[in-house]
Amino acid sequence: SRAIKTNQDLLPETPWTHIFYNDFWGTLLTHSGSHKSYRPFCTLSFRINHSVGGMDPWGYHLVNILLHAAVTGLFTNFSRILFGDGYWTLIAGLLFASHPIHTEAVAGIVGRADIGACLFFLLSLMCYVKHCSTRGSSPSTWGWILGAGLCAGCSMLWKEQGVTVLAISAVYDIFVFHQLKMHQIIPALYKRQNLTLFFSIGLLTSWGTALLGVRLYWMGNKPPSFSNSDNPAADSDSFLTRTLTFFYLPAKNLWLLLCPDTLSFDWSMDAVPLLKAVSDWRNLHTVAFYAGLLLLAYFSLKGSSNERECNGKTVMNGKQNANGHSCHSEMEYKTLEVKSSFASKEENGIKKHEMQKLQLPSTENIVILSLSLLIVPFVPATNLFFYVGFVIAERVLYVPSMGFCLLVTVGVRALYVKAQKRFVKNLVFCSTAALIVFYGLKTVVRNGDWQNEEMLYRSGIKVNPAK
């Protein structure tokens, strides 16, 4: 109602420039009652919808679905960079397309902010990938990094978390493109190796700092204020309660991604009871969550294994598996051809890492990138830097779900590779297919809850009966 029906910024008689001075709900950003949600591009898209079809919801829903389809296509295209041309890329794309957690963002019209932010998030990331592949060999490479910065700005103007793509781009450059380990970063900087890498990272940092500075200035240098019902933990007088609850909520969000059985459009008030004591059994979920993330990050950053997974086959030192079968991907074959064709020209300026850039990243590289995609875009919703106006919001998981889908895909691929028997391989593959089917069925069922207001509120009774 506030974003569209009563939002004066959508009316043709209101100057369209007002969109850039008001928040998502049409309130002046500097007003004391503003939620400081600055999403002018999303509001502008609502205004275009309003000018074409008025208050008929059909057009609004159509735009959301088209945006989700575009995001799914871009995500699948990005997955191809990580998994190559094969069924692993298809699995990642299908997981994202069918995941039930996206229902609120796509079926709920105001969720367009998350979809639009994700669209430009991926466009920015793809521009930076292109910058990495052309760096040092083409003058257009700096045009690509400029495009990455502009798309990151556009993503932030759809929704605030879009600016985190700059951090993801840096992770891609360091750990995927250059395949550096944590212990190699400081020595490389000290020895002045890969200076173009650190120059690119410096540009990303500067651009991100500038965007955040302008954003903070534009909202009046004041954080938003929320009621107790929006975020009860933030209003608690107990430091222990706030700490335990805020540390638990990310674990709860991950469970919604992993097992989206109970979904709700409203998790405010006491839908998630506060954790007031260390003896609360839910703290075990918190410990398991952070322990799992730390273990994944540790083993991925360490990366001591000589084995790599390549499109469902084990690669020993980049050559062949235990059965003697070659398992280079098509892209790796192209790399080998380039190496053989230009071996004599290496002294003329063709560097080894430039000839290796077509190789698919290792499992450890993909896990690092997946964890970054899962965690970094979610950080603004964690209450670590500022309080937010919700306990849990499923639409906020739209961007982080990309990291989750990549993580599941690379995990399934690792299981498939490690399995020795054909029966076990088929079981892993069929289980993944079943997961996609069940996710799709749950999405269909969940869409039924968004048919009308009565059905939506009925669906939320189980989670939030008090409201």
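A cavity, as the word is used on this tour, is a set of grid points where a 1.4 Å probe fits but cannot get out, and its volume is the space filled by probe spheres set on those points. The model on your screen is a predicted one, and a search of the whole structure finds two cavities of 30 Å³ or more.

**First stop: the second largest cavity**

Select Asn 231, Pro 232, Ala 233, Thr 245, Phe 246, Leu 249, Met 269, Val 272, Leu 274 and Val 391, which together line the second largest cavity. The space inside this cavity comes to about 40 Å³, and the lining residues divide into eight nonpolar and two polar, with no charged residue among them.

**Second stop: the largest cavity**

Keep Phe 246, Leu 249 and Val 391 selected, since these residues also belong to the lining of the largest cavity. Now add Pro 250, Asn 253, Phe 378, Ala 381, Thr 382, Asn 383, Phe 390, Ile 392 and Ala 393, which complete that lining. The largest cavity has a volume of about 60 Å³, and its lining consists of nine nonpolar and three polar residues, again with no charged residue.

**Third stop: salt bridges across the chain**

Leaving the cavities, turn to the charged side chains, which form nine salt bridges in the structure. Select Arg 135 and Asp 173, whose closest N and O atoms lie 2.8 Å apart in one of these salt bridges. This pair links distant parts of the chain, with Arg 135 in the loop between helix H5 (112-134) and helix H6 (141-158) and Asp 173 in helix H7 (residues 165-177), 38 residues apart. Both Arg 135 and Asp 173 are buried.

Next, select Arg 215 and Glu 160, whose side chains meet in a salt bridge at 3.1 Å, N to O. Here too the pair links distant parts of the chain, because Arg 215 sits in helix H9 (residues 195-218), whereas Glu 160 sits in the loop between H6 and H7, 55 residues away. Arg 215 has a relative accessible area of 12% and is therefore buried. Add Arg 39 to the selection, and you will have the network of salt bridges that links Arg 39, Glu 160 and Arg 215.

**Last stop: Arg 446 and Asp 449**

Finally, select Arg 446 and Asp 449, which form a salt bridge with the closest N and O atoms 3.0 Å apart. How do the two partners stand in accessibility, buried or partly exposed? Arg 446 counts as buried because its relative accessibility is 3%, whereas Asp 449, at 22%, counts as partly exposed.

Note on methods:
Residues are numbered from 1 along each chain as its sequence is written. This is a predicted model: local features need pLDDT of at least 70, side-chain atom pairs count only at pLDDT 80 or more; totals for chains, interfaces and linings use all residues. Side-chain values use heavy atoms; hydrogens and water are left out. On a 1 Å grid over the protein atoms alone, a cavity is a set of points where a 1.4 Å probe fits but cannot get out, and a pocket is an open set with protein on both sides within 12 Å along at least five of seven lines; lining residues have an atom within 4 Å of a point. Ala, Val, Leu, Ile, Met, Phe, Trp, Tyr, Cys and Pro count as nonpolar, Asp, Glu, Lys and Arg as charged, and the others, Gly among them, as polar. A salt bridge is a side-chain nitrogen of Lys or Arg within 4 Å of a carboxyl oxygen of Asp or Glu. Helices (H or I, at least four residues) and strands (E, at least two) are DSSP runs, numbered from the N terminus. Buried means under 20% relative accessible area, exposed over 50%, partly exposed in between (1.4 Å probe, protein chains only).
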